[in-house]
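Dear colleague,

Please find below the structure that I am handing over to you. The notes that follow it set out what was found.

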Amino acid sequence: MFKKVIYLSLSISILQIGISEAQQLSIDQQYRATPTKINNLVHTKLDVRFDYTNQFLNGKEWITLQPHFYPTDSLRLDAKGMDIKQVSLVNGQQLVPLKYSYDNNSLLIKLDRNYLGNEKYTVYLDYTAKPNLLKAQGSAAINDAKGLYFINPDERTPNKPRQIWTQGETEASSAWFPTIDRPNQKTTAEISMTVLDNYVSLSNGALSNQQKNSDGTRTDTWTMDLPHAPYLFMMAVGDFKIYQDKYNNIPVDYYLEPKYAPYAKDIFGKTPAMMDFYSKTLGVPYPWNKYAQIVCRDYVSGAMENTSATLHGEHVQKTKRELLDDNQEGTIAHELFHQWFGDLVTAESWSNLTMNESFATFGEVIWREHDGGKDRGDKSRFEKLQSYLKSTKNGKSPTLARYYYHDKEDMFDNISYAKGSLILYALKEQMGDEAFYQSLKKYLTDNSFKTGEPQQLRLAMEEVTGKDWAPYFNQWYYQGGHPILKITTRNGENSVILNVAQIQDSTVQTFQLPLAVDIYTKNGKIRQTFQLNRRNAQFMIPLPAAVEFIDIDPEKTLVGQIQIDKSDADYLYQYEHAPSFANRVGAIAYASKNPTNTISQQILTKALADTDADLAATAIQGLDLSNPAVRKSAEKTILALAEKSEASVIRASAIQKLAQTKDKKYKSLILNAVADKSYMVIASSIMAIKSAYPDQLQQSLKRIDPDATEYLKALITELSKS
């Protein structure tokens, strides 16, 4: 089993959700219209069997539809790379053959007559899906699109489970069953899977029936009584152990490989608390009859919010020991929030993906804030802002609601995820929590089991608050980019003057937004909020005393960048007196780049006690212990952190730093760290030994326990080469 080695980073890690950096792609001139509804899906019944030898799915389907409005005598279904054996109309107990044409991607069926808008009809199909023969292109977020995946089907790979799972987003469900594979379609469902009797199955909804067969197989039927989009259909089959949890009377189950079953509660245990928090915050109870999470091998993305049954990649599956260094709590929260935003109300088209992904990413932030306190929420927002900014230049970026794009897969970027979540958080702060969440409740309630777009959210907010929110949506959803504010200050007599220039690229809009400013004086803090509405503005703030520090955007809700000159003393002041997460990061980053500066040394020494483990670890790395003054002020603290800190990232960072001194008094500490419980600390230890005490490396490697030796195999091999 391949494991990722955890290496120490000297900077704040940027949160990743299964996506890469957004790219500046060429935008097509073709308007991406929401797919026209000619027929509506009503109910989908599937009976499927798996051919492991050929990696085929043999399926029978009964699909019930209804004309959307206009009469129609035809039906078009998406069906990718299939053998179509039979297409018939269900007429009572009879199957009446229908004429059809098929181009290996789209199935066009001629119905027996013209059907009116109030008439339902059912079509039967017998087919074979051949996913491995399908030429499918994925995206940065979802790297393959063949819909159905057989993992180790011939069991030739040792120590790897045999599994089957599906991935529907964006439009890959039609690679394993014919459907109208569009996000603006919704259907109830019944999926019967015939599987080997020793395997477990999972799908959407409730397990309504199990029937043992005489050939060593079992047929499991899963029923979804509430309508959901075809891309959210899922199946999974394999040797999984189920840990049964509960939220109120709703089953909450965790499906893991047997090896990881003992750690189910450690991995997923916060799920019921998340469900409770989201249900109460939104005022909309969890909408489905169960919630399951399953971990599968070789998954093509990070995770997928299939209705009532989220599928996670194997990186979520960790032992209690691995969880000492890292967990996927953010991913777990993200996918759960999708059960409301994405599953209950689905983006009506991929142009409106923000209604799914921005909200799910926002859900991560508010969970972090609720569970870990404001600083943890601020950290989550900071990481998302950096993730977004990393993919931009001069303030330029695509629009959030994007009706012109090269390919629908391009929508899965840092705009739809990170930037969109920050835009929502800023809107919450402007609107107030009560009004914001009442608006979300209205949006969810009005559009339950249907689709949504930003305009529906705007109208819900206007009805709740009585305020016109079109300017906010026009600026942030329908135009791109972000502001870059260059701020200069001038102290006057009993006042301070702020000059604010928007210096983003000239092709980027001029932003209109509130800008809060905290002015620190010896008499206390004064907050002023100004309205920016032009490229250059000047504001005068009367003061009772001289300025000590100016903090622009103190709550750090601006979706953009701020440039302001600061002195060494300013960075120390902001760390000590205006210690938001972003301000502390800024001070530590400045100090790390200027380590010989006396004030920088003060900042880094103070940051050794930072409440955030990543920041404390970064501060350790920034200090220069070859400087006698720094060593005198910080060495004992770093030693104590190496010995006693509960955070593995801090212990690992401290061990590396002490090893750099090559002082013999730390030799025992560093050599003994190979017996630490944390893989991260062991990795740090053996890298330190290689650097400071190379003659001790081979002996130290022999002292590492077998689990850690296996986990760190790649690193150990690399270190042993020379």
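Two strands pair if DSSP finds at least two bridges between them. Helices (H or I, at least four residues) and strands (E, at least two) are DSSP runs, numbered from the N terminus. This is a predicted model, in which local features need pLDDT of at least 70 and side-chain atom pairs count only at pLDDT 80 or more, while totals for chains, interfaces and linings use all residues. Residues are numbered from 1 along each chain as its sequence is written, and side-chain values use heavy atoms, with hydrogens and water left out.

I begin with the chain as a whole. The protein chain has 20 helices and 29 strands. Its C-alpha trace spans about 90 × 65 × 45 Å along the principal axes. The radius of gyration (taken over C-alpha atoms; the globule rule is 2.2 Å times the number of residues to the power 0.38) is 29 Å for the protein chain, which agrees with the value near 27 Å of a compact globule with 722 residues.

As for confidence, pLDDT is the predictor's confidence in each residue, from 0 to 100. Its mean for the protein chain is 94, and 95% of the residues reach 70 or more. Over residues 1-25, however, pLDDT stays under 50. Where pLDDT is low, the predicted coordinates should not be read in detail.

The first sheet to consider is open and has four strands in the order S9-S10-S15-S12, with antiparallel pairing. Strand S9 (148-151) and strand S12 (200-203) stand at the edges with a single partner strand each, so one side of each is left without a neighbour in the sheet. Within this sheet, strand S10 (residues 163-166) and strand S15 (residues 235-238) run antiparallel and are joined by three bridges. Gln163 has Gly238 in S15 as its bridge partner.

After S10 comes a loop that leads to strand S11 (187-196), and Thr170 lies in that loop. The peptide bond from Glu169 to Thr170 is cis, with omega near 5 degrees. Most residues other than glycine have a negative phi, and most peptide bonds are trans. Gln55, which is not a glycine, has a positive phi of about 60 degrees; Gln55 is found in the loop between strand S1 (39-51) and strand S2 (56-67).

A second open sheet has three strands in the order S26-S25-S28, again with antiparallel pairing. Here strand S26 (524-532) and strand S28 (547-552) stand at the edges, each with a single partner strand. Nine bridges pair strand S25 (residues 513-521) with S26 in the antiparallel sense, and Asp518 stands opposite Arg527 in S26.

Finally, two helices deserve your attention. Axes are lines fitted to C-alpha atoms, for helices over the stretch in contact, and angles run from 0 to 180 degrees between N-to-C directions. Helix H6 (residues 415-431) and helix H7 (residues 433-446) pack at an angle of about 125 degrees, and their axes are 6 Å apart. H6 and H7 are therefore oblique to each other (angles under 35 degrees count as roughly parallel, over 145 as roughly antiparallel, 65 to 115 as roughly perpendicular and the rest as oblique). Contact means heavy atoms within 4.5 Å. The residues that make this contact include Leu424 and Leu427 of H6, and Phe436 and Tyr437 of H7.

Yours sincerely
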